[in-house]
Amino acid sequence: MACKRSCLMEVYKFLLFVTLFLPREMTSSVLTVNGETENYILHTKPDSHESLTCAVQNHTREEELLWYREEGRVDLKSGNKINSSSVCVSPISENDNGVTFTCRLQSDQSMFISVVLNVTFPPRLSGDDFQTAEEGSDVQLVCNVKSNPQAQMMWYKNNGSLDLEKNRHQVYQTSETFQLSITKVKKSDNGTYSCIASSPLQTETKDFHLIVKAKGWTIPIEPIIAACVVIFLTLCFGLMARRKRIMELCMKDQEPQSGTPL
């Protein structure tokens with residue numbers, strides 16, 4: 001009977017051991033940033049302040065955390081590394097749009113969680129306000145644009161719609177520029193060209209003033225230089241030939257006269 005009780009006690013102890021300790025050993029650590037357990041996008045605006053807090057959940061020992069901004073390591077204070085760590089992005093700027101912050105577990109850097117900043121701002125336009133061109137030359141009006149979300153772009157002329165001629169007008173657009181190219185400009189191309197950017201946040205306009213001058217008479221420099229060189233060489237050769245002739249005459253005058261005096 002005593003043996004039976006002893007066996008039962010051993011079974012109870014084993015079950016208690018499994019109940020209390022085994023689940024803890026099987027539970028793995030989890031990283032969170034601002035309570036999120038997976039990579040996510042943080043929507044924000046310029047001039048705002050954002051704090052990112054990374055924490056280790058279910059850890060069984062002290063864990064050191066690492067922060068990265070893109071590929072660069074963030075310098076953390078000694079008291080801001082163990083089990084929980086925070087970085088502050090302040091103030092947010094337009095240049096922070098698309099930047100990725102990553103928190104990693106130092107002991108196992110394959111365990112990480114990332115946050116991508118999505119900084120929304122209305123269109124910002126820039127470029128040369130005035131441009132002068134000669135008739136027959138080619139012109140490029142370049143409108144630099146920054147916007148998030150991306151803006152819809154259009155060109156206008158003198159506050160009206162711009163009629164694009166197939167063989168003379170070309171429009172090019174990239175993520176940061178909106179360009180109007182005009183081939184062989186005419187006097188009729190004079191005017192104010194407006195670059196218009198429309199986004200859900202705001203519509204922005206920038207004016208470009210194009211002045212087309214009449215084609216001036218140009219002096220053909222290279223032919224004139226060539227002609228001058230030819231004339232100079234001709235004069236040199238002429239002087240040399242004349243000098244030779246003069247020398248021959250002088251030599252002839254200086255020869256003694258031969259004959260018998262009377």
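In which strand does Ser181 lie? In this predicted model, Ser181 belongs to strand E15, which covers residues 177-182. The residue offers a convenient point of entry, and the account then turns to the two sheets and to the largest pocket.

Is Ser181 buried or exposed? Its relative accessible area is 9%, and because the limit for a buried residue is under 20%, Ser181 counts as buried. Its surroundings can be described in terms of contacts. Leaving aside residues up to four places away in sequence, Ser181 touches Val139, Gln140, Arg168, His169, Gln170 and Tyr172. There is also a polar contact between the side chains of Ser181 and Gln179, at 3.0 Å.

Two of the residues touched by Ser181, Val139 and Gln140, fall within strand E11, which spans residues 139-148. Strand E11 leads on to the largest pocket, since it supplies the largest share of that lining, namely four residues. The space in this pocket amounts to about 200 Å³. Its lining consists of 14 residues, and those closest to the pocket centre are Val145, Lys146, Ser147, Ser175 and Glu176. Sorted by class, the lining comprises seven polar, four nonpolar and three charged residues.

The description now passes to the sheets. One open sheet contains five strands with mixed pairing, arranged in the order E2-E8-E7-E4-E5. Strand E2 (40-44) and strand E5 (72-73) are its edges; each has a single partner strand, so one side of each is left without a neighbour in the sheet. Within this sheet, strand E7 (residues 100-105) and strand E8 (residues 108-119) run antiparallel and are joined by six bridges. Thr102 stands opposite Ser114 in E8, which gives the reader a position at which to locate this pairing.

A further open sheet, again of five strands with mixed pairing, follows the order E10-E17-E16-E12-E13. Its edge strands are strand E10 (130-134) and strand E13 (160-161), each of which pairs on one side only. How many bridges join E10 to strand E17? The number is five, and the two strands run parallel, with E17 made up of residues 203-213. Along this pairing, Thr132 is found opposite Ile211 in E17.

Taken in turn, the two sheets can be followed through their strand pairs: E7 with E8 in antiparallel fashion, and E10 with E17 in parallel fashion.

Definitions and conventions. Residues numbered from 1 in each chain as written. Predicted model: local features only at pLDDT ≥ 70, side-chain atom pairs only at ≥ 80, totals over all residues. Heavy atoms only, no water. Pairing = 2+ DSSP bridges. Buried < 20%, exposed > 50% of the residue type's maximum accessible area, 1.4 Å probe, protein only. Polar contact = N/O pair within 3.5 Å; in protein donor to acceptor, adjacent residues only side chain to side chain. Contact = heavy atoms within 4.5 Å. 1 Å grid on protein atoms, 1.4 Å probe; cavity = no way out; pocket = protein on both sides within 12 Å on 5 of 7 lines; lining within 4 Å. Points joined across faces, edges and corners; volume = space filled by probe spheres on them. Nonpolar A, V, L, I, M, F, W, Y, C, P; charged D, E, K, R; others polar.
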